[in-house]
Amino acid sequence: MKEHTIYKGRAKAEMYDELMDMLNYVFGFSSADYDFQKLLPKLYADKKQACHDNYIVAEGGKIKAAVGAFDDIISVCGEEIKCRGIGNVAVHPYSRSKGYMIDCMNMSINDMIEDGVDISFLGGHRQRYGYFGFEDGCPRYNVRITTTSAHHYFKNVATEAVEIRDVSENDTEIIDKIFALYEKKPQRSIRPRDRFYQILRSWTHQPRAFFIGGEFVGYGIGGINELTLTDIKYFDSVIHAFAQMHGDINLGIPAWNTELFEAALRVGDSPSINESYMLSVFNYKKVVGTLLKLKASLEPLQDGAVTVLIHGYAGDCKLKLSVVDGKSSVEDYDGEAEIELSHKDAAKFFFGIHSPHWKKLTHATRAWLPLPLYVEDADHV
């Protein structure tokens, strides 16, 4: 390319080494033991795909900015939501204030809408990404279990001996058991079996399997994310053993998993709820419909109905949400809506921990929200 030539679009396959060098430099990853390829091999190990998934701006053939947009599918009660997560947002320090980050973000979002993506996720500063339609959401319960609280709680609670095994990529039989247990979750990102271990290892976290009397009873990642058990009755035994071996535990629990949250409350301290990820919804009918169906499957919802007008990033839509005899539906609506929402207000309304628009709901419909949308840490980009 000529020196003055500006290229804006997807990275080309031959740009992989330069792309990774630029990303690692901007994010301060100066060691070969700690870089994007090591942190997230699920995204960057396939060189051709990693380039295709990155929107760049290049000056004279040199990459100056990049935004990654990575496909995912979330399964909710057997229905699939098409996702594309935003990651590795980077601008070379000598090329800032030229609007290159805006260019890359806009290219990625325009393609999402054109490609029929239902929702996008990212992590980052709320105000910075609010310009592009992203808002905080995805409620998560948090419980801290210290060694002190565990010491006192387990004085009077009987537990079984638990074997905690670090899982390697060669432990095929154990990974198969973990995969089968993961597949039973009512809401989960679809993880191909051939890439499942690679995904578990995201952010260099160590997958661990739990056994009681030689029987597999669950798994967790790191210290311990994504705690998943074959039966909640094993919770006390697993937590007791893990605290003794690894110290304090900070549990992050999806809002849909109230059973796990209630078990954690027995032993833990300082419970809280926060919004764990940023989102931008392009297909509110589908996303809200599947998540309301999930909520109705987890707890009895009161009958009711509400109509909303959403001025969405991908266009306006009017929807009628209803529950009749415990069964939910979300349909297109032609009449005058009771509640009018901007794109970001709608994200808070449906998936945030608070919305001022909830005041307009009846007692029955207020109990439906927030909807329990969640993305596990291993699926973050």
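## Exercises on a predicted model

The sulfur of C104 lies 14 Å from the closest cysteine sulfur, in C51, which is too far for a bond. This value, like those below, comes from a predicted model.

**Exercise 1.** Determine how many disulfides the structure holds, and examine C104 and C77 as candidates.

*Solution.* Start with the criterion: the two cysteine sulfur atoms must be within 2.5 Å. For C104, the closest cysteine sulfur is the one in C51, and at 14 Å a bond is ruled out because the distance is too great. Next take C77: its closest cysteine sulfur belongs to C83, 15 Å away, again too far for a bond. The count for the structure is zero disulfides. Now compare the settings of the two residues. C104 is buried, at 1% relative accessibility, whereas C77 is partly exposed, with a relative accessible area of 25%.

**Exercise 2.** Describe how strand 14 (residues 304-312) pairs with strand 15 and with strand 17, giving the direction in each case.

*Solution.* Take strand 15 (residues 315-324) first: nine bridges join it to strand 14, and the two run antiparallel. One residue pair to locate here is I310 of strand 14 with its bridge partner C317 in strand 15. These two strands form a hairpin, with two residues between them. Then turn to strand 17 (residues 339-342), which is joined to strand 14 by four bridges and runs parallel to it. Here V308 has I339 of strand 17 as its bridge partner.

**Exercise 3.** Which residues have the most contacts inside the largest nonpolar core, and which helix gives the largest share of that core?

*Solution.* The largest nonpolar core has 62 residues, and F121, L321, F350 and F351 have the most contacts inside it. Helix 12 (residues 284-298) supplies the largest share, six residues. Apart from this core lies another, of 30 residues, including I145, Y153, F235 and A243. To see the surroundings of F350, leave out residues up to four places away in sequence; F350 then touches Y284, V288, V308, I310, L321, L369, P370 and L371. Two of these have appeared already as bridged residues: I310, partner of C317, and V308, partner of I339.

**Exercise 4.** Which residues of helix 1 (residues 16-26) are buried, and which elements do they pack against?

*Solution.* The buried residues are Y16, L19, M20, M22, L23 and N24. They pack against helix 2 (36-39), helix 3 (41-44) and helix 4 (47-52), and also against strand 2 (54-59), strand 3 (62-76) and strand 4 (79-91). Finally, inspect the backbone just after helix 1: G28 takes a positive phi of about 75 degrees.

Terms used:
Residues numbered from 1 in each chain as written. Predicted model: local features only at pLDDT ≥ 70, side-chain atom pairs only at ≥ 80, totals over all residues. Heavy atoms only, no water. Buried < 20%, exposed > 50% of the residue type's maximum accessible area, 1.4 Å probe, protein only. Contact = heavy atoms within 4.5 Å. Core = buried A, V, L, I, M, F, W, Y, C linked by side-chain atoms within 4.5 Å. Pairing = 2+ DSSP bridges.
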